Amino acid sequence: MFSKILTSILRLRGGQPQSPSLALMLAVSYTASSFLIVAAITALLYFGLAENLKKLSEQIMADELDVCRALIQARSNDSHALREEVEIDSAVRRYQKFYIRVMNDNGRALFTTPGMDREMSAALIAREAAQQNGRVFWLKAASGKPYRAVVARVSRDSGDKEPWNIQLTMDLSQEVEVLSQHRILIWIVLAVAAILCPRAGIAAARWGTRPLREVSETARSISSSTLNERIRTEGYPSEIASLAGTFNAMLQRLEDSFLRLSRFSADIAHELRTPVNNIRGESEVALARPRTIEEYRETLGSCLEESVRLSELIESLLFLARSESPGDHLKRKRQNIATLLSGVQEYYDAAASEAGVRLQLDCDGEVIGDVDGPLLQRALGNLVSNALAHTPAGGTVLLTAVQQSQQVRIEVRDTGSGIPSESLPKVFDRFYRADSARTRHSGGSGLGLSIMRQIVFLHGGDVKIESETSLGTTVSLTLPSLEP
Ligand SMILES: Nc1ncnc2c1ncn2[C@@H]1O[C@H](COP(=O)(O)OP(=O)(O)OP(=O)(O)O)[C@@H](O)[C@H]1O
Ligand SMILES: [Mg+2]
């Protein structure tokens with residue numbers, strides 16, 4: 001009921017600004033609309049009934065007037081029939097009782113239904129009729145009863161005879177009584193509706209929002225340790241089922257990234273443990289007994305090597321973590337990308353000749369782009385170092401850059417060992433290494449391609465990798481040439 005609604009409003013408000021609950025809004029709108037519908041229907045029925053009763057009584061009056069008119073016009077000399085109609089027929093009626101008064105042109109009553117003079121005088125009817133212009137009108141009699149009345153002028157059978165006037169009134173007490181009983185009924189119906197509509201509104205709102213409550217309860221119970229739980233989607237209305245489905249999809253994504261993150265943390269711990277264990281092991285062995293200067297120098301050199309690996313790894317992880325946090329990490333400058341590529345070629349030239357691999361650059365004309373030069377060189381360096389590491393002596397690594405309308409396309413193509421097709425989708429994963437033959441110690445950390453892709457994403461570009469075992473690998477980067 002309304003008291004309940006008010007209580008809910010007060011509870012919801014609780015002094016703080018809070019948006020109203022959906023159930024409350026639904027309950028109020030269901031209540032209001034159902035009450036208004038009931039009120040409108042009862043009003044329609046009432047006015048329909050009143051109109052029909054009015055039409056019926058007007059019809060009876062018109063019929064009676066026609067009878068009198070016919071008797072006067074056709075047989076004005078046969079006063080017996082007219083008298084019978086006016087004084088007897090209407091006087092004996094119990095329901096829809098009417099009174100008739102026939103008068104000559106001087107206003108003298110010729111025939112009058114018994115009792116009519118007591119109720120309403122000829123002068124009263126004539127006065128009211130003068131304002132109505134021949135229409136049916138409403139009249140209150142001396143007894144207080146309501147009447148509907150009409151006045152008509154009727155010419156008699158031969159044209160030279162003066163016309164007579166008829167005053168016809170009809171008792172409306174019964175009609176008024178019926179309508180007043182209906183009004184009482186309507187008040188009862190509205191009172192019942194005022195009690196039942198809020199109840200029905202609250203019940204409907206509760207029933208309608210039940211699935212939402214269930215979904216939010218399940219959602220509330222999900223924590224990081226129960227990310228595998230899902231919300232039931234069957235048995236709900238389609239909108240809620242689709243909401244639950246969307247929520248489940250979000251949970252799935254959260255669970256995936258949560259798992260990836262835990263795997264990543266485990267991988268980090270593992271990657272850091274190896275060099276730290278190496279440093280510790282070599283130091284312990286060296287300190288186990290007295291050593292020569294040469295032996296200490298060798299141990300220190302090896303520890304330095306591991307420390308360098310360790311700091312490189314930490315630097316890479318920090319870079320990935322920073323690049324994923326929101327914000328613009330780029331220092332873009334308009335520059336010639338061919339110059340950046342030739343810088344990379346120069347840097348890796350010595351390593352390429354040592355490996356017996358040709359490192360070539362193919363760049364026609366100027367390729368201009370708004371890029372962060374050092375970062376892009378770092379990304380390209382990772383690609384070239386991968387290519388050199390996987391290309392046997394005698395092979396070629398080719399760097400190309402072309403301008404394509406609004407984009408710059410850079411390719412690093414090698415004729416190396418290639419990547420097995422099952423490993424291809426995973427090479428951008430952190431710590432992933434495709435060739436298990438290359439151990440963690442001898443190979444890289446498996447972060448190079450993820451860092452490269454992150455740098456390309458920061459530039460708003462995209463990466464594609466194609467590879468065929470024993471034929472070689474091509475990595476293509478597409479970057480927007482102008483700053484977005
Ligand atoms: N050009 C290539 N030819 C063949 N295999 C490649 C090539 N580039 C990458 N790979 C494979 O993809 C894996 C992932 O490469 P990524 O650069 O991420 O790591 P990494 O080179 O092992 O280590 P890091 O680059 O961190 O020192 C490599 O271990 C290698 O197996
Ligand atoms: Mg690499």
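A nonpolar patch on the surface makes a good starting point in this predicted model. Seven names are worth picking out along the chain here: Ile184, Leu185, Ile188, Val189, Val192, Ile195 and Leu196 form the patch, and together they have about 600 Å² of accessible area. Take isoleucine 184 as a way in. This residue lies in helix α6, which covers residues 173–221. Is isoleucine 184 buried or exposed? Its relative accessible area is 51%, and exposed means over 50%, so isoleucine 184 counts as exposed.

Stay with helix α6 for a moment, since alanine 219 has its place there too. Alanine 219 has a relative accessibility of 23%, and therefore counts as partly exposed, the class between under 20% and over 50%. From alanine 219 you can also take a sense of distance across the model: serine 316 is 97 residues away from it in sequence, and the two C-alpha atoms are 37 Å apart in space.

Now turn to strand β1, residues 98–103, where you will find arginine 101. With a relative accessibility of 1%, arginine 101 falls under the 20% cut-off and so counts as buried. What does the side chain of arginine 101 reach? It reaches the backbone oxygen of methionine 120, at 2.8 Å.

Let us finish at the ligand. Ligand 1 is surrounded by 18 residues, and the closest are Asn386, Asp435, Gly446, Leu447 and Leu449. By type, the shell around ligand 1 divides into 7 nonpolar, 8 polar and 3 charged residues. Which helices each supply at least two residues of this shell? They are α10, residues 373–390, and α11, residues 448–458. The largest share, 3 residues, comes from α10.

Looking at individual atoms, you can follow several polar approaches to ligand 1. Aspartate 414 places a polar side-chain atom 2.9 Å from a nitrogen atom of ligand 1. Alanine 434 takes part through its backbone, with an N or O atom that lies 2.9 Å from an oxygen atom of ligand 1. Serine 445 has a polar side-chain atom 2.9 Å from an oxygen atom of ligand 1. How much of the ligand does the protein cover? On its own, ligand 1 has 600 Å² of accessible area, and the protein covers 88% of that.

Conventions:
Residues are numbered from 1 along each chain as its sequence is written. Chains are lettered from A and ligands numbered from 1 in the order in which they are written. This is a predicted model: local features need pLDDT of at least 70, side-chain atom pairs count only at pLDDT 80 or more; totals for chains, interfaces and linings use all residues. Side-chain values use heavy atoms; hydrogens and water are left out. A residue is near a molecule or strand if one of its heavy atoms lies within 4 Å of it. A polar contact is a pair of N or O atoms within 3.5 Å; within protein, one must be able to donate a hydrogen and the other to accept it, and residues adjacent in sequence count only if both atoms are side-chain atoms. Accessible areas come from the Shrake-Rupley method with a 1.4 Å probe; for residues, only the protein chains shown count as cover. Helices (H or I, at least four residues) and strands (E, at least two) are DSSP runs, numbered from the N terminus. Ala, Val, Leu, Ile, Met, Phe, Trp, Tyr, Cys and Pro count as nonpolar, Asp, Glu, Lys and Arg as charged, and the others, Gly among them, as polar. Patches are made of residues with over 30% relative accessible area and no salt bridge: like charges are joined within 9 Å, nonpolar side chains (Val, Leu, Ile, Met, Phe, Trp, Tyr) within 5 Å. A salt bridge is a side-chain nitrogen of Lys or Arg within 4 Å of a carboxyl oxygen of Asp or Glu. Buried means under 20% relative accessible area, exposed over 50%, partly exposed in between (1.4 Å probe, protein chains only).
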